[in-house]
2 protein chains.
Amino acid sequence: MYLCGIIKEMFSQSEENYLKAIYHLEIVSSKGVTTNAIAKKLETKASSVTDMVQKLSEKELIIYKKYQGVTLTVFGKKTAANIVRKHRLWEVFLVEKLNFSWDEVHDVAEQLEHIKSQKLIQELDSFLGFPTHDPHGDPIPDDKGNLKTIEKSLLSTLAKNESGICVGVIDSSSEFLQFLDKKGITLGKQITVLEKEDFDDSVSILINDKKLSISQKIATNLFVKKR
Amino acid sequence: MYLCGIIKEMFSQSEENYLKAIYHLEIVSSKGVTTNAIAKKLETKASSVTDMVQKLSEKELIIYKKYQGVTLTVFGKKTAANIVRKHRLWEVFLVEKLNFSWDEVHDVAEQLEHIKSQKLIQELDSFLGFPTHDPHGDPIPDDKGNLKTIEKSLLSTLAKNESGICVGVIDSSSEFLQFLDKKGITLGKQITVLEKEDFDDSVSILINDKKLSISQKIATNLFVKKR
DNA sequence: AATAATTTTTAGTCTTGACTAAATATTGTT
DNA sequence: AACAATATTTAGTCAAGACTAAAAATTATT
Ligand SMILES: [Mn+2]
Ligand SMILES: [Mn+2]
Ligand SMILES: [Mn+2]
Ligand SMILES: [Mn+2]
């Protein structure tokens with residue numbers, strides 16, 4: 001009894017989750033992505049990763065040599081980017097059309113990203129007005145898998161009296177996002193650095209015409225676009 | 001009092017597909033649903049059905065006694081209705097918002113119906129304006145699992161000179177639906193029976209101000225609301 | 001360079017959900 | 001009632017994808 005015998009290349013939900021994890025890890029690591037890194041990201045065991053990595057390698061989605069970590073092939077990268085594309089488009093849908101807040105979308109998008117339908121994703125993109133970024137400020141890959149990366153800087157890198165527009169987050173856990181909401185920090189807001197404290201790396205900022213003290217942890221998880 | 005009503009139980013995609021199949025079969029059969037009937041509907045083997053049916057019985061979703069067929073429990077029926085609800089709401093979404101035609105929605109809805117999120121389905125319902133029927137004229141269960149069934153009759157049961165509004169189909173395969181499209185037969189259209197042929201049970205109808213000859217097969221797969 | 005610590009892989013097991021083939025129960029027909 | 005046909009269940013396999021424990025390779029430390 002097989003479901004989904006329709007589309008050309010079909011990967012399981014599990015395979016897709018691995019691909020996506022490797023894709024994200026590759027962006028930051030720039031070297032081969034290690035077994036342990038994948039295991040940590042997916043909250044699974046290293047031995048399970050080894051199994052899956054061998055399978056993905058068979059399918060020519062990744063390059064894998066024992067003990068050497070993995071790299072996405074062009075095909076694998078394109079496939080992964082498409083999953084990320086779907087994830088982020090669905091996040092936009094949930095926020096823009098279904099009144100979800102930015103801290104509620106992740107788990108649902110994690111499921112929706114695996115729906116197989118070329119037409120669905122094309123039409124969704126069009127329905128949403130071809131958005132370029134998701135609710136967390138992350139760029140949405142185009143239908144060829146290309147990412148248009150904008151220059152953005154961590155808030156912690158701004159100097160005193162510099163200012164920028166809030167354009168993204170690193171940590172998109174609902175705890176962090178709700179914390180930002182509570183502080184009135186949302187995408188699009190202007191932030192000006194009033195003071196930088198050396199002893200704890202906290203930052204004093206101006207936002208919403210109010211002065212706010214921001215811990216180092218927050219400042220290193222918030223992206224701004226300098227101006 | 002235990003947590004039964006409180007904890008949201010989660011079922012696998014496969015379990016949900018079985019539940020839905022049994023739900024649909026129960027509507028027409030009114031007796032216990034047989035192993036073979038389920039196997040046929042899901043295009044699987046009877047032995048696989050027996051396995052799953054034993055599991056669903058363990059979970060108190062169905063009543064099962066060996067060789068006796070199965071019946072949904074109240075809990076099982078509610079669960080199944082909720083899956084049907086999601087399926088049909090997604091079908092409406094695809095047609096109303098994403099330019100799908102009624103013959104293209106089924107496979108995608110088959111996947112979307114398994115997405116787990118209470119909020120998602122509530123918001124979707126509201127976003128769609130609380131639709132009562134899906135694109136094939138099938139009623140959408142409410143959030144308690146209740147079906148509001150309207151009276152409708154097969155086109156084949158209309159007498160000469162009777163007329164009705166086209167409100168649904170039995171067969172919703174894309175072949176049949178595309179055939180209806182080609183003939184200009186869509187939901188909401190008025191149909192008047194001009195002539196009934198005894199020798200082949202075909203029907204001559206008036207639709208879109210044009211006379212059309214309809215085979216018996218079509219006439220027994222089209223629902224109309226008499227007027 | 002040798003040893004210790006860490007990472008990664010292998011071997012073996014488990015669960016889910018499918019399958020085939022064989023056994024058993026039910027139903028239909030003479 | 002006996003037998004044949006059909007339906008259903010059981011027993012035994014298999015693949016995917018997880019796990020644990022143990023082995024092997026790599027990396028770090030003395
Ligand atoms: Mn996912
Ligand atoms: Mn996001
Ligand atoms: Mn389904
Ligand atoms: Mn439908």
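In this predicted model, a phosphate oxygen of DNA strand D lies 3.2 Å from a polar backbone atom of A:Lys45. This is a polar contact (N or O atoms within 3.5 Å; within protein, one must be able to donate a hydrogen and the other to accept it, and residues adjacent in sequence count only if both atoms are side-chain atoms). The side chain of B:Tyr64 also addresses the strand: one of its N or O atoms is 2.5 Å from a phosphate oxygen of DNA strand D. A polar side-chain atom of A:Tyr67 is 3.2 Å from a sugar or linking oxygen of DNA strand D. Two or more residues of the surface near this strand come from each of helix 1 (13-29) and helix 3 (46-58) of chain A, and helix 2 (35-42) and helix 3 (46-58) of chain B. Helices are DSSP runs (H or I, at least four residues), numbered from the N terminus.

There are 20 residues around DNA strand D. A:Ser12, A:Thr44, A:Lys55, B:Tyr64 and B:Lys66 come nearest. A residue counts as near when one of its heavy atoms lies within 4 Å of the strand. Sugar or phosphate accounts for 78% of the strand D atoms within 4 Å of the protein, and bases for the rest. The surface holds five nonpolar, 11 polar and four charged residues. Here Ala, Val, Leu, Ile, Met, Phe, Trp, Tyr, Cys and Pro count as nonpolar, Asp, Glu, Lys and Arg as charged, and the others, Gly among them, as polar.

DNA strand C has 21 residues around it. The nearest are A:Tyr64, A:Lys66, B:Ser12, B:Thr44 and B:Lys55. A polar side-chain atom of B:Thr44 lies 2.6 Å from a phosphate oxygen of this strand. For B:Lys45, a backbone N or O atom lies 3.2 Å from a phosphate oxygen of DNA strand C. The side chain of B:Tyr67 places an N or O atom 3.2 Å from a sugar or linking oxygen of DNA strand C. Of the strand C atoms within 4 Å of the protein, 78% are sugar or phosphate. Six nonpolar, 11 polar and four charged residues form the surface near DNA strand C. At least two residues each come from helix 2 (35-42) and helix 3 of chain A, and from helix 1 and helix 3 of chain B.

Between the protein chains, 26 residues of chain B contact 25 residues of chain A (heavy atoms within 4.5 Å). About 2100 Å² is buried between them, 72% of it on carbon and sulfur atoms. Buried area is the accessible area (1.4 Å probe) that two parts lose on being put together, summed over both. B:Leu98, B:Gln111 and B:Lys119 supply 25% of the area that chain B buries against chain A, more than any other three residues. Two salt bridges cross the interface (a side-chain nitrogen of Lys or Arg within 4 Å of a carboxyl oxygen of Asp or Glu). One salt bridge joins B:Lys119 and A:Glu104 (3.8 Å, N to O).

The manganese ion (ligand 3) has protein donors B:Asn17 (OD1), B:Glu110 (O), B:Glu110 (OE), B:Glu113 (OE) and B:His114 (NE2), at 2.1 to 2.6 Å. B:Asn17 lies in helix 1 of chain B and B:Glu110 in helix 5 of chain B, so the pair ties together parts 93 residues apart in sequence. Donors are N, O and S atoms within 2.8 Å of the metal (3.2 Å for Na, K and Ca); water is not among the atoms, so sites may look incomplete.

Residues are numbered from 1 along each chain as its sequence is written, chains are lettered from A and ligands numbered from 1 in the order in which they are written. In this predicted model, local features need pLDDT of at least 70, side-chain atom pairs count only at pLDDT 80 or more, and totals for chains, interfaces and linings use all residues, while side-chain values use heavy atoms, with hydrogens and water left out.
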